[in-house]
Amino acid sequence: MLAMPGPPERRPEVSGNAVVLADAVPFEKVEWGLSKVLAGASAVLPGVESDVVEFKITEYPPGYAHLGHVHPGQIEILWVLSGRGVHEDENGNRTDFGVGHLVYIPADSYHANHNPFDEPLRVVVVKVPPTR
């Protein structure tokens, strides 16, 4: 195994495998809060582009919501890092979720996520295939 000199954030770009320091990727403002793509078709850093999967971190500030929508042909999975939220399915069923929960949304399935709580909700989002 080749040892790379220096701390991870100062290592030279490599081809093939990549290690990404999440803090090196800035959040972008989106309608429902903040989001950063760490790997996928729209990745900011070189070397982590993918036509197979998208991996990002999204933060919903208190009171924010990602209103009802569908991802045609795309599975979405949320893994909660911090905070709490409410998931709504196509039948209007609402389920609270928080740290340790995984939210699985099948392709072509209507869904919405809300943060009605006082603390930010931060989740890992995995989409297959990635958003283009």
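Ala, Val, Leu, Ile, Met, Phe, Trp, Tyr, Cys and Pro count as nonpolar, Asp, Glu, Lys and Arg as charged, and the others, Gly among them, as polar.

The model is predicted, so local features need pLDDT of at least 70 and side-chain atom pairs count only at pLDDT 80 or more, while totals for chains, interfaces and linings use all residues. Residues are numbered from 1 along each chain as its sequence is written, and side-chain values use heavy atoms, with hydrogens and water left out.

**Exercise 1. The chain**

Task: State how many helices and strands the chain has, and what share of its residues is buried.

Solution.
- Step 1. Helices (H or I, at least four residues) and strands (E, at least two) are DSSP runs, numbered from the N terminus.
- Step 2. The chain has zero helices and 10 strands, and its pattern along the sequence reads β-β-β-β-β-β-β-β-β-β.
- Step 3. A residue is buried under 20% relative accessible area, exposed over 50%, and partly exposed in between (1.4 Å probe, protein chains only). Of the 132 residues, 35% count as buried.

**Exercise 2. Salt bridges**

Task: Give the number of salt bridges, and describe the pairs made by Glu 59, Arg 94 and Lys 56.

Solution.
- Step 1. Side chains of opposite charge can pair when their charged atoms come close. The rule used here asks for a side-chain nitrogen of Lys or Arg within 4 Å of a carboxyl oxygen of Asp or Glu. Five salt bridges result from this rule.
- Step 2. Glu 59 forms a salt bridge with Arg 122, at 2.6 Å from N to O. This pair links distant parts of the chain, since Glu 59 is in strand β3 (residues 54-60) and Arg 122 is in strand β10 (residues 121-128), 63 residues apart. Glu 59 counts as buried because its relative accessible area is 14%, whereas Arg 122 is partly exposed because its value is 29%.
- Step 3. Arg 94 forms a salt bridge with Glu 88, at 3.2 Å from N to O. Arg 94 has a relative accessible area of 56%, so Arg 94 is exposed. Glu 88 has 14%, so Glu 88 is buried.
- Step 4. Lys 56 forms a salt bridge with Glu 54, at 3.8 Å from N to O. Both Lys 56 and Glu 54 are buried.

**Exercise 3. A nonpolar patch**

Task: Name the residues of the nonpolar patch on the surface and the elements that supply two or more of them.

Solution.
- Step 1. Patches are made of residues with over 30% relative accessible area and no salt bridge; like charges are joined within 9 Å, and nonpolar side chains (Val, Leu, Ile, Met, Phe, Trp, Tyr) within 5 Å. Accessible areas come from the Shrake-Rupley method with a 1.4 Å probe, and for residues only the protein chains shown count as cover.
- Step 2. The patch consists of Trp 79, Leu 81, Leu 102 and Tyr 104, with about 410 Å² of accessible area together. Strands β5 (75-82) and β8 (102-105) each give two or more residues to this patch.
- Step 3. Tyr 104 lies in strand β8. Tyr 104 is partly exposed because its relative accessible area is 46%.

**Exercise 4. A pocket and a cavity**

Task: Describe the second largest pocket and the largest cavity, with their linings.

Solution.
- Step 1. On a 1 Å grid over the protein atoms alone, a cavity is a set of points where a 1.4 Å probe fits but cannot get out; a pocket is an open set with protein on both sides within 12 Å along at least five of seven lines; lining residues have an atom within 4 Å of a point. Grid points are joined across faces, edges and corners, and a volume is the space filled by probe spheres set on the points.
- Step 2. The second largest pocket holds about 190 Å³ of space. It has 14 lining residues, and the closest to its centre are Glu 28, Val 30, Ser 35, Val 37 and Lys 56. Strands β1 (28-30), β2 (33-39) and β3 each give two or more residues to this lining, and β2 gives the most, with three.
- Step 3. Sorted by type, this pocket lining has four nonpolar, four polar and six charged residues.
- Step 4. The search of the whole structure finds one cavity of 30 Å³ or more, and the largest cavity has a volume of about 30 Å³. Its lining includes Lys 56, Thr 58 and Tyr 60. β3 gives the most to this lining, with three residues. The lining divides into three nonpolar, two polar and three charged residues.
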